[in-house]
Amino acid sequence: MNSITLFAAGSLRLAFSSLLTAFEQESGHRVEATFGPAGMLRERIERGKRPQVFASANLEHPQRLVALGFAQAVQPFTRNRLCATVRNTPELTQPDLLTLLCDPQWRVGTSTPVADPSGDYAQQLFDRLEHCLPGQGSALHSRAVALVGGPDSTPIPAGRLAAEYLLAEGLADIFLGYASYADTLSSYAQLKVRRLPAVIDFKVTYGLCLLDESCVAAQALVAFILGVRGQRILQRMGMLALD
């Protein structure tokens, strides 16, 4: 049995748990996966770590590895979008989401820009808000707090989702994170997942790259992720199709 080393964005942990199990059963190869903020994983690769496959929550991090000569190409493989998770109380569930985001009484938490693509996407959301409501996006940018996904962030306890933990601990009133977690978060009665309004909503694209072209098993893993079965598993676990 060949062993494959994989670095993957933390937002893929739930989806890849099923995908990697299916791949291992089908191929006979074992995958040693490390999950974390994609920017920090990319930095580890640049400093000398050599996983055979890198799956990022954006295209920019694997593209940088291609530019540096660590990989030959980037393959888009799935998509996602952001959502807002709030405590399930009338003052946070009844007003429209734009009103909530613009109300300075509510503390908005995000992931850490640069270190974690989710934080970068939150900044894009603020830019879209600024475009449709001048002054509000820049105000939200100034008061939003990066709570997770950075080198100095407080770790989220094992078995807890970031949005659930941060809201339960009273560290934020609204958390902007990935919609692929929506079904799982919705199982918590104390939480409400809210989809972004169309004016600030957008899809994001994940990309992967093969860092060891000579490894047949790693090639097989990439092919499985891109193939019909891998794509079906990703979509069943809350990720979005590329088209």
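In the predicted model, Val-114 is exposed, with a relative accessible area of 54%. Val-114 sits in the loop that runs between β5 (108-111) and α6 (117-132). Although Val-114 is not a glycine, its phi is positive, at about 75 degrees.

Helix α6, on one side of that loop, contains Tyr-121. In contrast to the exposed Val-114, Tyr-121 has a relative accessible area of 7%, and is therefore buried under the 20% cut-off. A polar atom of the Tyr-121 side chain lies 2.6 Å from the backbone oxygen of Ala-57. Ala-57 is also among the residues in contact with Tyr-121 when neighbours within four places in sequence are left aside; the others are Asn-58, Leu-82, Tyr-178, Phe-202, Val-204 and Thr-205. The C-alpha atoms of Tyr-121 and Thr-110 are 9.4 Å apart in space, with a sequence separation of 11 residues.

The loop between α5 (97-102) and β5 holds Trp-106. Trp-106 is buried, its relative accessible area being 10%. Not counting residues up to four places away in sequence, Trp-106 touches Arg-87, Glu-91, Leu-92, Leu-100, Arg-143, Asp-173 and Ile-174. For one of these, Leu-92, the C-alpha to C-alpha distance to Trp-106 is 8.9 Å, and the two residues are 14 apart in sequence. Another, Glu-91, belongs to helix α4 (residues 90-93). Glu-91 is partly exposed, with a relative accessible area of 41%. Beyond its neighbours within four places in sequence, Glu-91 is in contact with Leu-100 and Trp-106. Leu-100 thus appears in the contact lists of both Glu-91 and Trp-106.

Strand β4 includes Thr-78. The relative accessibility of Thr-78 is 0%, so this residue counts as buried. Its side chain reaches the backbone oxygen of Leu-240 at 3.0 Å. With neighbours within four places in sequence left aside, the contacts of Thr-78 are Val-204, Thr-205, Tyr-206, Leu-234, Met-239, Leu-240 and Leu-242. Val-204 and Thr-205 are also in contact with Tyr-121.

Nonpolar side chains tend to be buried together in soluble globular proteins. In this model, the largest nonpolar core comprises 78 residues. The members that touch the most other members are Leu-12, Phe-16, Phe-54, Phe-77, Leu-101, Leu-125 and Ile-174. Of these, Ile-174 is also touched by Trp-106. Phe-77 touches Leu-12 and Phe-16. Its further contacts, not counting residues up to four places away in sequence, are Ala-55, Ser-56, Tyr-206, Gly-207, Leu-208, Ile-225, Leu-226, Gln-231, Leu-234 and Leu-242. Tyr-206, Leu-234 and Leu-242 from this list are likewise in contact with Thr-78.

The largest pocket encloses about 840 Å³ of space. Its lining consists of 36 residues, and those closest to the pocket centre are Gly-10, Val-148, Ile-156, Ala-162 and Tyr-181. Two or more lining residues are given by each of α1 (13-27), β2 (30-36), α2 (38-46), β4 (75-87), α8 (162-168) and β7 (174-178). The largest share, three residues, comes from β7. By residue class, the lining divides into 21 nonpolar, 12 polar and three charged residues.

The second largest pocket has about 220 Å³ of space. It is lined by 13 residues, of which Arg-81, Ala-179, Ser-180, Ala-182 and Gly-238 are the closest to its centre. The elements that supply two or more residues to this lining are β4, α9 (182-185) and β8 (191-195). Strand β4 gives the most, with four residues. The lining is made up of six nonpolar, three polar and four charged residues. Strand β4 is therefore listed among the contributing elements for the largest pocket and for the second largest pocket.

One cavity of 30 Å³ or more is present in the structure. The volume of the largest cavity is about 40 Å³. Its lining is formed by Ser-11, Leu-14, Ala-15, Ser-180, Tyr-181 and Met-237. Four of the lining residues are nonpolar and two are polar, with no charged residue. Two of the cavity-lining residues, Ser-180 and Tyr-181, recur around the pockets: Ser-180 is one of the residues closest to the centre of the second largest pocket, and Tyr-181 is one of those closest to the centre of the largest pocket.

How values were computed. Residues numbered from 1 in each chain as written. Predicted model: local features only at pLDDT ≥ 70, side-chain atom pairs only at ≥ 80, totals over all residues. Heavy atoms only, no water. Core = buried A, V, L, I, M, F, W, Y, C linked by side-chain atoms within 4.5 Å. Buried < 20%, exposed > 50% of the residue type's maximum accessible area, 1.4 Å probe, protein only. Contact = heavy atoms within 4.5 Å. 1 Å grid on protein atoms, 1.4 Å probe; cavity = no way out; pocket = protein on both sides within 12 Å on 5 of 7 lines; lining within 4 Å. Points joined across faces, edges and corners; volume = space filled by probe spheres on them. Nonpolar A, V, L, I, M, F, W, Y, C, P; charged D, E, K, R; others polar. Polar contact = N/O pair within 3.5 Å; in protein donor to acceptor, adjacent residues only side chain to side chain.
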